[in-house]
Amino acid sequence: MENHRVQEMMQLMASKIRAIAHSISDSDVEAFLTEILNARRIYVMGAGRSGLVAKGFAMRLMHLGFQSYVVGETITPALQKGDVIVIFSGSGKTKTVADIAETGKEIGAHICLITSNADSRIGRIADCRVIIENQRDDVRDDAAEFEIRQVLGDHKSFAPLGTLFETTSMIFSDAVISRLMEITKTDESALKNRHANIE
């Protein structure tokens, strides 16, 4: 096994993320922003590390003044028609997430998918998709990819835990927040006023 400096690995990750950013479709991003701005309420979800990215995005949306919730939390209210579900899923096929997406679609919510796989179970029902390309492990059963990556630790590709998807998704979601701040003419002081003060 080769030895690399941590700083070199960071630079390699940054270069890959930069290349991925150039590949993201402007029209897909505009459609996503429109869904967020027109949403009655925004529900966010993902499994594993993607779920952590989703929670961070929900928090930033709340700081920005949107009604945002994390699917599965005890205080998350009932989904209704006109709400939006934002899903972070590299494969677009994780069973538990796809089941919830289909239920949400039946209720009348709009589905927005951040993914590497538009042609997937969730991708096929999504109202908008943002494609984040990355090097993925070769997995025969995409629906089981989450379990393979997170539980078994079987990874072939470059980045930690087998994919740059989560890291790139986090940067993408923070960039979306920055763009929403511009669109809504919200400055950082307004976000600070909504930041937790009883931690």
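**View 1. Helix H3 has the span expected from its residue count.** This is a predicted model. Helix H3 covers residues 48-63, which makes 16 residues. At 1.5 Å a residue, H3 should span 22 Å. Its end C-alpha atoms lie 23 Å apart, which agrees. The buried residues of H3 are Ser 50, Gly 51, Val 53, Ala 54, Phe 57, Ala 58, Leu 61 and His 63. An α-helix has 3.6 residues a turn, so residues three or four places apart point the same way. Just after H3 comes Gly 65, with a positive phi of about 105°.

**View 2. A salt bridge links helix H3 to helix H6.** The partners are Arg 49 and Glu 166, and their closest N and O atoms are 3.5 Å apart. Arg 49 belongs to H3 and Glu 166 to H6, so the pair ties together parts that are 117 residues apart in sequence. Buried or exposed: which describes Glu 166? Glu 166 is buried, because its relative accessible area is 3%, under the 20% cut-off. Arg 49 counts as partly exposed, at 24% relative accessibility.

**View 3. Helix H2 packs against helix H6.** Two packed helices are described by the angle between their axes and the distance between the axes. H2 spans residues 26-38 and H6 spans residues 165-183. Here the angle is about 65°, and the axes are 11 Å apart. The crossing of H2 past H6 is right-handed. From H2, the contact takes in Val 29, Phe 32, Leu 33, Ile 36 and Leu 37. From H6 come Phe 172, Val 176, Arg 179, Leu 180 and Ile 183. Nine of these contact residues are nonpolar, one is charged and none is polar.

**View 4. Lys 95 and Asp 99 pair within helix H4.** Side chains of opposite charge can pair when their charged atoms come close. In this salt bridge, the closest N and O atoms are 3.0 Å apart. H4 covers residues 95-107. The two partners are four residues apart in H4, so about one helical turn separates them. Asp 99 is partly exposed, with a relative accessible area of 28%. Through shared salt-bridge partners, Lys 95, Asp 99, Glu 102 and Arg 121 form one network.

**View 5. Arg 124 and Asp 119 form a salt bridge.** Their side chains meet at 3.0 Å, N to O. Arg 124 is exposed, and Asp 119 is exposed too. How many salt bridges does the structure hold? The count is 10.

Key
Residues are numbered from 1 along each chain as its sequence is written. This is a predicted model: local features need pLDDT of at least 70, side-chain atom pairs count only at pLDDT 80 or more; totals for chains, interfaces and linings use all residues. Side-chain values use heavy atoms; hydrogens and water are left out. Axes are lines fitted to C-alpha atoms, for helices over the stretch in contact, and angles run from 0 to 180 degrees between N-to-C directions. Helices (H or I, at least four residues) and strands (E, at least two) are DSSP runs, numbered from the N terminus. A crossing is left-handed if the near helix is turned anticlockwise from the far one by less than a right angle, and right-handed if clockwise. Contact means heavy atoms within 4.5 Å. Ala, Val, Leu, Ile, Met, Phe, Trp, Tyr, Cys and Pro count as nonpolar, Asp, Glu, Lys and Arg as charged, and the others, Gly among them, as polar. The expected span of a helix is 1.5 Å times one less than its number of residues. Buried means under 20% relative accessible area, exposed over 50%, partly exposed in between (1.4 Å probe, protein chains only). A salt bridge is a side-chain nitrogen of Lys or Arg within 4 Å of a carboxyl oxygen of Asp or Glu.
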